[in-house]
Amino acid sequence: QATLSFTGQTQDGNNNTAHIGNYDYMWADAETPSDGNATFHFKHKISLVKITLSVPETATYTKLTFSGTDAVFAESATMAIADGVLTLGTQKRSTSLTLNNISLSKGDNLVAWLSVCPNDFGKEETFTAILADSDNKTYNFNFDKTLSGFSAGSAYAFAGELNVDIVFEDD
């Protein structure tokens, strides 16, 4: 069996997918025809998530945390070599993406990419995101999209709206 990890993802630059290659786990079966030349049929074992956020301030953005209602993000999985079946490891409510070299102006779109482990949630989930900047300010985003799972080999796009609820705290 092989161990798949989904932690420690870092995106270098806005709308850059180079880091996904480190988490794009695949499995293949093969057929060997009479001519002896094997043909491999590769299948993606991950789900890809694209998150687009209109940033609320001119800033350098450093971290994105993507959350579900319940524990839907597997930190790891094991994959059976014989048949490609995944067994999920520890599941958490959120997953994080470190952002490097992403300085944007207010209103620009931040485009972030995550590799996530396929998972059948068993019910509809709603999602949120917290975006942090280099001054440790955080911004909360809501998504209209709901899902009942992430399927292997599929990509999902989320466009977030800034949550404008403001909480005032007394001194």
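Reader: Which residues is Ser-67 in contact with, leaving aside its neighbours within four places in sequence?
Author: In this predicted model, Ser-67 has its place in strand S6. At 7% relative accessibility it falls under the 20% limit and therefore counts as buried. Leaving aside neighbours within four places in sequence, the contacts of Ser-67 are Phe-73, Arg-93, Ser-94, Thr-126, Phe-127 and Thr-128.

Reader: Is Gly-160 buried or exposed?
Author: Gly-160 is found in strand S16. Residues up to four places away in sequence aside, Gly-160 touches Thr-52, Leu-53, Phe-141, Asn-142 and Phe-143. Its relative accessible area is 10%, and because the limit is 20%, Gly-160 is classed as buried.

Reader: What distance separates the C-alpha atoms of Gly-160 and Leu-4?
Author: Leu-4 is included in a second, separate core of 10 residues, together with Tyr-25, Trp-27 and Ala-74. Along the chain, Gly-160 and Leu-4 are 156 residues apart. Between their C-alpha atoms the separation is 28 Å.

Reader: Which strand gives the most residues to the largest nonpolar core?
Author: The largest nonpolar core has 29 residues, and those touching the most other members are Ile-51, Leu-64, Phe-66, Phe-127, Leu-131, Phe-150 and Phe-158. At least two residues of this core come from each of strands S5, S6, S11, S13, S14, S15 and S16. With five residues, the strand that gives the most is S15.

Reader: Which residues form the nonpolar surface patch of about 330 Å²?
Author: One member, Phe-42, is found in strand S4, residues 39-44. Phe-42 has 55% relative accessibility and, because the limit is 50%, counts as exposed. The patch is made by Met-26, Phe-40 and Phe-42.

Reader: How many residues apart in sequence are the parts that Lys-43 and Asp-29 tie together?
Author: Side chains of opposite charge can pair when their charged atoms come close. Lys-43 and Asp-29 meet in a salt bridge, at 3.7 Å from N to O. Lys-43 lies in strand S4 and Asp-29 in strand S3, so the pair ties together parts whose separation in sequence is 14 residues.

Reader: Where does Lys-92, the salt-bridge partner of Glu-75, lie?
Author: The side chains of Glu-75 and Lys-92 meet at 3.5 Å, N to O. Glu-75 lies in the loop between strands S7 and S8, and the pair ties together parts that are 17 residues apart in sequence. Glu-75 is partly exposed, with a relative accessible area of 30%, and Lys-92 counts as partly exposed at 38%. The place of Lys-92 is strand S10.

Reader: Which residues are joined into one network by salt bridges that share partners?
Author: Lys-123 forms a salt bridge with Glu-125, the closest N and O atoms being 3.3 Å apart. Lys-123 counts as partly exposed at 39% relative accessibility, whereas Glu-125 is buried, with a relative accessible area of 1%. Salt bridges that share partners make one network of Asp-70, Lys-123 and Glu-125.

Reader: Among contacts between residues at least 6 apart in sequence, what percentage joins residues at least 24 apart?
Author: The protein chain has zero helices and 16 strands. Its C-alpha trace spans about 75 × 35 × 25 Å along the principal axes, and 37% of its 171 residues count as buried. For the contacts in question, the share joining residues at least 24 apart is 65%.

Notes: Residues numbered from 1 in each chain as written. Predicted model: local features only at pLDDT ≥ 70, side-chain atom pairs only at ≥ 80, totals over all residues. Heavy atoms only, no water. Patch = residues over 30% accessible without salt bridge, like charges linked within 9 Å, V, L, I, M, F, W, Y side chains within 5 Å. Areas by Shrake-Rupley, 256 points an atom, 1.4 Å probe, with all protein chains shown as cover. Salt bridge = Lys/Arg side-chain N within 4 Å of Asp/Glu carboxyl O. Helix = DSSP H or I, 4+ residues; strand = E, 2+ residues; numbered from the N terminus. Buried < 20%, exposed > 50% of the residue type's maximum accessible area, 1.4 Å probe, protein only. Core = buried A, V, L, I, M, F, W, Y, C linked by side-chain atoms within 4.5 Å. Contact = heavy atoms within 4.5 Å.
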